[in-house]
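Here's a walk through one protein model and one of its ligand sites. Have the structure open while you read.

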Amino acid sequence: MASFEIHGGKKLKGEVIPQGAKNEALQILCGVLLTPEKVTIANLPDIIDVNKLINLLQAMGVKIEKVEKGTYIFQAKDVNLDYLKTEDFKERASGLRGSVMIIGPLLARFGKAFMPKPGGDKIGRRRLDTHFEGLIKLGANFNFDSKEHFYTVEAKKLEGIYIHMDEASVTGTANIVMAAALAKGKTTIYNAACEPYLQQLCTMLNNMGAKITGVGSNLLHIEGVKELKGCYHRILPDMIEIGSFIGLAAMTQSEITIKDVGYEHLGIIPQVFKRLGIQLERRGDDIFVPAQESYEIDTFIDGSILTVSDAPWPGFTPDLLSIILVVATQAKGSVLVHQKMFESRLFFVDKLIDMGAQIILCDPHRATVIGMDRKTNLRGIQMTSPDIRAGVSLLIAALSAEGKSVIHNIEQIDRGYQDIDIRLNNLGADIRRV
Ligand SMILES: CC(=O)N[C@H]1[C@@H](OP(=O)(O)OP(=O)(O)OC[C@H]2O[C@@H](n3ccc(=O)[nH]c3=O)[C@H](O)[C@@H]2O)O[C@H](CO)[C@@H](O)[C@@H]1O
Ligand SMILES: C=C(OP(=O)(O)O)C(=O)O
């Protein structure tokens, strides 16, 4: 288990380029299974989760060629279906959450798919019902081996149908869209997730010959086609990393320019950081965050305490709430952070409280942060990163804190943030990997 040793209290300065988006990359990589032709993907981030999925695809028989850093050609001509029953498959597929999206493409193209309990963050219950309910509606037979925690779906053919998803699951929508793209006839998906990465997946599928309309809305129409062909696809900048950099700049009083952010895909994210009082300026496709002495949290119009909560897109992404929470600890004013989707994602606040932050964990979903307006600095401590976004939040806290902090279990951070120590050290941070 590797750790970061951080000497905090340094102001950072400079430009940073966001990596390609982790959660888009995971969808797009699964999509290569839909065609025997070559698919070129650019701007893939070099992070643990993406590399695990690339290795899984390779173990399944997908031919992979690296063109240059971040660009790979994938060809799923000969997929080894027998491999899907092996222990090696179970081990690799359960190593990340994103692998769950191989189910839709495998079912559509080969008539069967298997999945062990997927990995990913331990942030509460993460059910897959929505995925399988959709696939069953398309005509799949479903089996769950509860002893082995192993899911199986099989179908001789899939047929388009109307599906009203019980929740706007991101990976669930991706699975159902990919299966429906090769089903016979028309599928309608209502209450579909519609975040930018799903829009990107639909765009990629359309470039492969799929017929998907309604992209960007929660009502998707998919006219099934017989086969899909190869394409070129470029991954968007990672909006969660961009939000993390905005939070980092504010918290450490740093002047940072985040380059080429793909601003039009950021939705409500800049607005939410602005409500915390953080100044940020759009400069072309860059975001400039000036060094700020202090920032004051807005209230609601009637003067009551602001709430920041998550919601399916176009609402605020749950993956940035931990960052909002940590940044609020040094703001002027108070905010209620309400994590509606996941029930175990706020427990990391204990560590922030140990560092001196003023937070009341009201219940597993809600925490009230009373900003300290820099009257007192956080102090460095030893801590362990419980999940990817908490990990980065703790890193931000440590960079702003007085003295030395040590964060253990940084694999959690590395699974989603490429060379984060090197990139932040280039801006003047003092992070050592030990
Ligand atoms: C690999 C990947 O892409 N992971 C992302 C994906 O996970 P993932 O696709 O697993 O998450 P889902 O969208 O399925 O749902 C996340 C959680 O939110 C709940 N839920 C979801 C929709 C809804 O309308 N109401 C509701 O309460 C679900 O019950 C679940 O507990 O989307 C999540 C929600 O944006 C992100 O946190 C994850 O980073
Ligand atoms: C929860 C996340 O990832 P995963 O779904 O891969 O666990 C995340 O990216 O914040």
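## A ligand between two domains

Leaving out neighbours up to four places away in sequence, D319 is in contact with I240 and R389, where contact means that two C-beta atoms, placed from the backbone, lie within 7 Å. D319 sits in the loop between β17 (306-309) and α10 (321-328); helices here are DSSP runs of H or I with at least four residues, strands are runs of E with at least two, and both are numbered from the N terminus.

Before going on, some housekeeping. This is a predicted model, so local features need pLDDT of at least 70 and side-chain atom pairs count only at pLDDT 80 or more, while totals for chains, interfaces and linings use all residues. Residues are numbered from 1 along each chain as its sequence is written, and chains are lettered from A and ligands numbered from 1 in the order in which they are written.

Now the big picture. The protein chain splits into domain 1 (3-19 + 237-433) and domain 2 (22-234), with bounds from an automatic or database domain assignment. Their C-alpha centres are 31 Å apart. Domain 1 puts 18 residues into the contact and domain 2 puts in 16. On the domain 1 side, that's six nonpolar, five polar and seven charged residues. For these classes, Ala, Val, Leu, Ile, Met, Phe, Trp, Tyr, Cys and Pro count as nonpolar, Asp, Glu, Lys and Arg as charged, and the others, Gly among them, as polar.

Where does ligand 2 lie relative to domain 1 and domain 2? Both domains give residues to its shell, so ligand 2 lies between them. Around ligand 2 you'll find K22, N23, R97, G98, G120, D121, D319, I388, R389 and G416; a residue makes the list if its C-beta atom, placed from the backbone, lies within 6 Å of the molecule. By class, the shell has one nonpolar, four polar and five charged residues. Two helices, α1 (22-31) and α12 (388-400), each supply at least two residues of that shell.

How packed in are some of these residues? The table gives the counts behind each label: buried takes 20 or more other C-beta atoms within 10 Å of a residue's own, exposed takes 12 or fewer, and partly exposed is in between, with C-beta atoms placed from the backbone.

| Residue | Other C-beta atoms within 10 Å | Label |
|---|---|---|
| K22 | 25 C-beta atoms | buried |
| N23 | 24 C-beta atoms | buried |
| R97 | 18 C-beta atoms | partly exposed |
| D319 | 25 C-beta atoms | buried |

K22 belongs to helix α1, and so does N23. Setting aside residues up to four places away in sequence, K22 touches P45, I47, D49, V50, D238 and G416. R97 is in the loop between α3 (87-93) and α4 (103-110), and beyond its neighbours within four places in sequence it contacts P118, G119 and G120.

UniProt's unreviewed entry has the feature "binding site" at K22 and N23, and also at R97, D319 and M341. Feature names are shortened, positions follow the numbering used here, and annotations may be inferred rather than shown by experiment.

One last stop is strand β3 (residues 38-42). Its side chains alternate: V39 and I41 are buried on one face, while K38, T40 and A42 point to the other and are not. β3 pairs with strand β5 (residues 71-75) in the antiparallel sense over four bridges, pairing being at least two DSSP bridges between two strands. T40 has I73 as its bridge partner in β5. β3 also runs parallel to strand β13 (residues 231-234), joined by four bridges, and V39 is partnered there by C231.
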